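Student: I am new to this structure. Please take one part of it and give me a close look, in short steps.

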Amino acid sequence: MTNEAVLHSHIEHAKPTGWRRWVCSTNHKDIGTMYMIFALIMLFLGGASALVIRAELFMPGIQLTSPDLYNSLVTNHALIMVFGAVMPAAAGMANWMIPLMIGAQDMALPRMNNLSFWFLPAAAIMLVLAFIVPFIPGGGTMVNTGWTLYPPLSLQVGMSMDFLIFTVHLLGISSILASINIIVTILGNRAPGMTLMKMPIFVWSWLVTAFLLILIMPILAGAVTMLLFDRNFGTSFFNAAGGGDPVLFQHLFWFFGHPEVYVLLLPSMGIVGSIIATFSRKPLFGYRSTVFSMMSIGLIGMLVWAHHQYTIGMSLGAVTYFMIGTILISIPVGLMIFNFIATMWRGSMTFETPMLFAIGIILMFSFGGFTGVMVAVIPGDIQYHDSMFVVAHFHYALIPGALFGLLAGVFYWIPKWTGYMYDEKLGKLFFWTSIIGFNLTFFPQHFLGLAGMPRRIVDYNLIFTEFNVISSIGAFIYGLSHLIFLYIIIKTIRGGKKADGKVWEGAKGLEWELSSPPEFHSWPEPPEIK
Amino acid sequence: MKRESNVKNNKRTVIVLTGIVIVMFSFGFAMSPLYTLFCDLAGIQTLGGNFTIEQAEFKDTGKQSRHVRVKFDSTITRGLPWEFTPTIKEIKVKTGEPNNVIFLAKNLANESIVAQAIPNILPWDANTYFNKVECFCFQKQLLEAQESKEMLIRFVVSTSLPDKINSLTLSYTVMNADTDSVKKYSNKKRIEKVKNYLTDIYFKEIPLFYSLDKETS
Amino acid sequence: MSSFIKLFFKITTTLFLFVYCINVFAEYGLNFPEPVTDNARDIYDIHMNTVRIISALLVVVFSIVIYSIIFHRKSVGYKADQEFHKGVFGRWAWVLVPVLVLGVDLGIAGKAERVLENLWLIPKDENMMDVKVIGHQWWWEYEYIDHGVTVESRYIPKEPSDDLYLRDVDNRLVLPINTKIRFLHTSADVIHSFWVPQLGMKKDAIAGYITETWADINKEGIYRGQCAEICGAWHARMPIVIEAVNQEKFNDWVAQQKNIMLAKAEEASSDKEWNMDELMEKGRSVYNKHCSACHQLEGEGLVPAFPALKGSKIVNGPLDEHIKIVLEGKVSTGMPAWSNLLNELELAAVITYERNAWGNNTGDIIQPSDVKTSD
């Protein structure tokens, strides 16, 4: 079908209403909104489990949860946050913004887009079931393995593990389909004149992320399916007695798991790049090198997975290769962050909430990246591995690197989505309570790790008390600050100061040429690219 | 015109995609021999090593025969109510010559049990130089209730063993090959020794909230 | 240069030096516990080296960003430099920055590589002592292969307010100092990890694999560690306690352990006739150690999961029923077959105790021969 034919068929039907508008949606904006609402709900669920964890760890002694419930909360916190909050929110923003940014009418495969979203509530139901099953007689133990699901422990777990495996299958399919859609849209539906090297950096970040997802999600699906077979159909993929190998699962999981963290990171870095350029009133410094950095991160990131497995007993050669590979990733990451700083440098900055988040991200993600170099170095990792130091490291990488990026994106784009400005005072309040809470929570955990406190433990000795108390207090401040965020969102949706098309003084790009909010069909005609 | 070329393009796409599917499927089947090859190259432990003595000797190339120590060890995993011990802890062997060592296995349970022994050589880089000619670890072993059996391992340490390695340890991990049997004997053998009732109901429901203060009094 | 910039650089430099120095002073406060092997000391040195480099870089990054925030803002009237990317720095940064980062990386990796080789390559000494460490759910087993001694090391219940809560065990891993020791690691069920920070040692225990590490402890003392890979419900309750002593004390300890093992075996197989008092005393200790977790110290049980023994029909009823349930357990409940774990003396004693304690006055005395099983 030619563009005109598509155009005319679109204009002819009326805008859908009622429940059909959402359940049968083929509109990238509506689907994007649904993704983000889902992510917000999951954020609170994952956050609640984190607060129970920190409440239990507030003092030595087991006060609140049985040990297996604690382990199950640790597992669920990670799975919900990674698969239920960050990935859907990033996908939601991709859905909303990519067609607007490249001048496309909609995503290339609108009905598949709808399917990709609706897999998620189904997966969430499976996850809830996985959590409930142990409380029913005959349900077996809870999933107490941590999000890494290592066998042989995961072979011992009760029925909830099988439900969890099905959850992972559904989430995987959703991600793969969404990624296919995104790649086809970006490669095929750009407005004439928008070459790849003219695309906004957010679009590039999602192009790389989508390729990564297609490469890695099938491997995770394969690994958990093998686990399912071992548990239920008598195979021995990971059971040494039958000739299998528990370490095989670890390699499969981390071959997925390491690129996964770049999947979580890159879209947020794309958002940060956009925000910094806008609020510095200067174009992104080193656009080309940022694009190449993102591609290098994706590529090298696929080759260094076993730095999560330094202590399993690999040979010296293997372990050296992974150490060097991992350390080398700091080059493209460093270049990317440097480019962001160079964009700020000699710019004319104002500090609205999105910019506050972006600067906070640069500072704290750099710190997280530096502790990453520490854990990459093996002699050091012998002490850090599986201790609270690693927990501190990855939260400093993930929260600034992924979550704050998404929050910044929300503040940056919500005027475009709703047509109303958010309350700037409240936004700044949210930012500061968040940052203070976050640092209070995770900075002390570095010292806990150095002092010898392992991770994933329900209880600990006296000597670790002080830093755990600080960390728990910080966690509650940080967690509760999200209620401010929720209030801001609801308030903005209901109304407020009207936002015009451009919203931000320094904003440049096709998306800012549309009204706020854009029409139901954003670009009926492809725009002219200057 | 356009329709014809579309049909031709579609046909080509289908053929190429089908080809890829066939290749990937075959790759799945090729994984088994490829995996063995990779393990050999990377020096990773494998069960195999079925050499006849002649083959083992033929592998050796001109290096002088020397003496190395070989130690023996075994680990029984949970859920296997067996005793499994080497009859001799350590021997000095001459490289290039075959040796026999017996392990004594005893089934302590009141029914027959099948187990699999998994060998490990330390240091790992000595793996390719340790040739098992005959080993009970090649297949699963069945022992009747209360039965004792002598299990044989016949091996040759290759003369091409690097000079820096003077001592090898051969360690077997013996595991119950039947998962139902593992469950049955897991609860029984070791868990109770942990003075905590929760472990006894490990495979049952665990209460949601409770206080452990009671148990330390 | 404006005075602002001078001041700025002064502050940055001071911060830099401060950070460098506190690394040294913070040695054992906010840092690793004291290393007692050369490996641990090397690891500590690599750690401090990396921390110093990173702190320096952090100060640089933070200063640049903070400077920019202060001076490059619209509210002080600063105009954006739209030609920035055309300057020298602008044109060559994409080469300079990667080269700089690469340099730092290679420096860190080079230093680390040497220590890595020391850690990974087990010395090939003729007379290294072998200790096998087996992880179980949820305790450690230490087998001194050369000496034929096995130690089972379990967590001791304590109050959370106790200094050694979750850090103490009933039987320690006693090791000689100034001896190269090779550790063999494996597991009997799921993956555990043997971590003792002061020895600089962490190795996963994986069922079906045997891996090696080595240590040479420099000084006497008690070193504590924990399991570092989630292994189920009681992952938090698998402490490791190493007691490093001189060679003489170690030899004494080994001899003592051998005697204990011999005595246990002897006691169990002797044919002596035991009297009520001896059986009750032995029975009480067996009961408290193995049965009270479920059936409670006063025999009152935890209904409905664990039946009460006090006033129980089985305990006060026919002897063979009682013996059968103790020896063979009860399928689909938590009651194990104790014949696999206790010797005949212990079985006889505990059954005697149950039948005569807490008001159960059957007056029965059960001898080890009465409970003799076919093995």
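Tutor: What follows looks closely at one chain, its partner across an interface, and then some surroundings.

This is a predicted model, in which local features need pLDDT of at least 70, side-chain atom pairs count only at pLDDT 80 or more, and totals for chains, interfaces and linings use all residues. Residues are numbered from 1 along each chain as its sequence is written, chains are lettered from A and ligands numbered from 1 in the order in which they are written, and side-chain values use heavy atoms, with hydrogens and water left out.

The part to look at is chain C, starting with its interface. Contact means heavy atoms within 4.5 Å. By that rule, 85 residues of chain C touch 90 residues of chain A. The size of an interface is often given as the accessible area lost when the parts come together. Here the two chains bury about 7300 Å² between them. Buried area is the accessible area (1.4 Å probe) that two parts lose on being put together, summed over both. Carbon and sulfur atoms account for 71% of it. On the chain C side, C:Trp120, C:Lys202 and C:Ile230 lose the most area to chain A. Together these three make up 9% of what that side buries.

Now the polar side of this interface. A salt bridge is a side-chain nitrogen of Lys or Arg within 4 Å of a carboxyl oxygen of Asp or Glu. Side chains of opposite charge can pair when their charged atoms come close. Between chain C and chain A the count is 2 salt bridges. C:Lys74 and A:Glu505 form a salt bridge, with the closest N and O atoms 2.7 Å apart. The rule also finds 25 residue pairs in polar contact across this interface, both residues at pLDDT 80 or more. A polar contact is a pair of N or O atoms within 3.5 Å; within protein, one must be able to donate a hydrogen and the other to accept it, and residues adjacent in sequence count only if both atoms are side-chain atoms.

Which elements of chain C give two or more residues to the side that touches chain A? They are α2 (38–71), α3 (88–120), β7 (201–205) and β9 of chain C. Helices (H or I, at least four residues) and strands (E, at least two) are DSSP runs, numbered from the N terminus. The largest share, 18 residues, comes from α3(C).

Next, salt bridges that belong to chain C. C:Asp168 pairs with C:Arg224, the closest N and O atoms being 3.5 Å apart. This pair links distant parts of the chain, 56 residues apart. C:Asp168 is in the loop between β3 (149–153) and β4 (173–176) of chain C, while C:Arg224 is in strand β9 (residues 221–227) of chain C. Both C:Asp168 and C:Arg224 are buried. Buried means under 20% relative accessible area, exposed over 50%, and partly exposed in between (1.4 Å probe, protein chains only).

C:Arg154 forms a salt bridge with C:Glu152, at 3.0 Å between the closest N and O atoms. C:Arg154 is buried, with a relative accessible area of 8%. C:Glu152 is partly exposed, at 24%. Another group reaches into chain B: B:Lys71, C:Asp130, C:Arg182 and C:Glu212 are linked in a network of salt bridges. Over all chains, the count comes to 24 salt bridges.

Turn now to β4(C). C:Leu173 and C:Leu175 point one way from this strand, and C:Val174 and C:Pro176 the other way. All four named residues are buried. β4(C) pairs with strand β10 (residues 239–245) of chain C in the parallel sense, over 4 bridges. Two strands pair if DSSP finds at least two bridges between them. Opposite C:Leu175 stands C:Ala244 in β10(C).

Last come the nonpolar cores. A nonpolar core is a set of buried Ala, Val, Leu, Ile, Met, Phe, Trp, Tyr and Cys residues joined through side-chain atoms within 4.5 Å. The largest one has 197 residues. A:Phe83, A:Trp206, A:Met355, A:Phe404 and A:Trp413 have the most contacts inside it. Its largest share, 20 residues, comes from helix α4 (residues 67–102) of chain A. Apart from this core lies another, of 54 residues. Among its members are A:Leu448, C:Val133, C:Val149 and C:Ala244. C:Ala244 is thus a residue to find twice: in this core, and opposite C:Leu175.
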